[in-house]
Amino acid sequence: MSTIDSASDDRTANNAVRHKYRVLSDAEKAQMVAVKDKGAEFLALIDSLRTPEQPAGEVDGVPYAIGTFDRELNIAAERVEEAVMWAVKHITA
């Protein structure tokens with residue numbers, strides 16, 4: 001599957017929901033990229049806060065670890081993704 005840059009005018013090629021798009025100005029494209037970049041930066045920060053897996057022993061000679069469930073960080077990451085989505089929606093509407 002090929003990909004299309006989100007700032008490209010070709011972004012309308014594979015969307016089943018929005019039937020019509022307007023061409024974005026260069027300033028709007030830059031705004032959208034900036035919002036997505038900041039969102040990615042924030043998600044990376046959230047990921048850096050996660051609790052590392054803890055060694056828990058071995059089963060048949062294979063080491064395993066107990067993963068952690070950082071619920072608050074999962075919620076934070078979902079909200080960042082949502083915030084980026086809504087900001088991009090505002091720019092592209």
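How far apart are the end C-alpha atoms of helix H1, and what should its 23 residues span? At 1.5 Å a residue, the 23 residues of H1, which covers residues 26-48, should span 33 Å, and the end C-alpha atoms are 33 Å apart, which agrees. The expected span here is 1.5 Å times one less than the number of residues in the helix.

Before I go on, the ground rules. This is a predicted model, in which local features need pLDDT of at least 70, side-chain atom pairs count only at pLDDT 80 or more, and totals for chains, interfaces and linings use all residues. Residues are numbered from 1 along each chain as its sequence is written, and side-chain values use heavy atoms, with hydrogens and water left out.

Now the overall layout. The protein chain has 2 helices and 2 strands, and along the sequence they follow the pattern α-β-β-α. Helices and strands are DSSP runs numbered from the N terminus, with helices being H or I of at least four residues and strands being E of at least two. Of the 93 residues, 18% count as buried. Buried means under 20% relative accessible area, exposed means over 50%, and partly exposed is in between, with a 1.4 Å probe and protein chains only. The chain exposes about 7,200 Å², and carbon and sulfur atoms supply 58% of that. Those areas come from the Shrake-Rupley method with a 1.4 Å probe; for residues, only the protein chains shown count as cover.

A word on contacts, meaning heavy atoms within 4.5 Å. Among contacts between residues at least 6 apart in sequence, 51% join residues at least 24 apart.

Back to H1. Its buried residues are Glu28, Lys29, Met32, Gly39 and Ile46. What covers them includes helix H2, residues 71-92.

Just before H1 in the chain is the segment that holds Ser25. Ser25 is partly exposed, because its relative accessible area is 33%. The C-alpha atoms of Ser25 and Ala7 are separated by 9.8 Å, and the two residues are 18 apart along the chain.

Next, H2. Its 22 residues should span 32 Å at 1.5 Å a residue, and the end C-alpha atoms are 32 Å apart, so the two agree. Which residues of H2 are buried? They are Leu73, Ala77, Val80, Val84, Val88, Ile91 and Thr92. Seen down the axis of H2, these buried residues fall within an arc of 95 degrees, so they line one face of the helix. The arc is that of the directions from the helix axis to the C-beta atoms. As background, an α-helix has 3.6 residues a turn, so residues three or four places apart point the same way. The buried residues of H2 pack against H1. On the face turned away from the buried side, H2 carries the exposed residues Arg71, Glu72, Trp86 and His90.

Now the strands. S1, residues 54-59, and S2, residues 62-66, run antiparallel and are joined by 5 bridges. Two strands pair if DSSP finds at least two bridges between them. One of the pairings puts Gly57 opposite its bridge partner in S2, Tyr64. The two strands form a hairpin with 2 residues between them.

What is the phi of Asp60, in the turn of that hairpin? Asp60 has a positive phi of about 55 degrees, although it is not a glycine. Asp60 lies in the loop between S1 and S2, and it counts as exposed because its relative accessible area is 79%.

Last, the charged pairs. In general, side chains of opposite charge can pair when their charged atoms come close. A salt bridge here is a side-chain nitrogen of Lys or Arg within 4 Å of a carboxyl oxygen of Asp or Glu. By that rule the count comes to 4, and I will go through some of them.

Glu28 and Arg22 meet at 2.9 Å, N to O. Glu28 is buried, because its relative accessibility is 18%, whereas Arg22, at 32%, is partly exposed.

Asp47 and Arg50 meet at 3.0 Å, N to O. Asp47 is partly exposed at 47% relative accessibility, and Arg50 is partly exposed at 27%.

Arg79 and Glu78 meet at 3.8 Å, N to O. Arg79 is partly exposed at 48%, and Glu78 is partly exposed at 46%.

That is the tour; I'll take questions.
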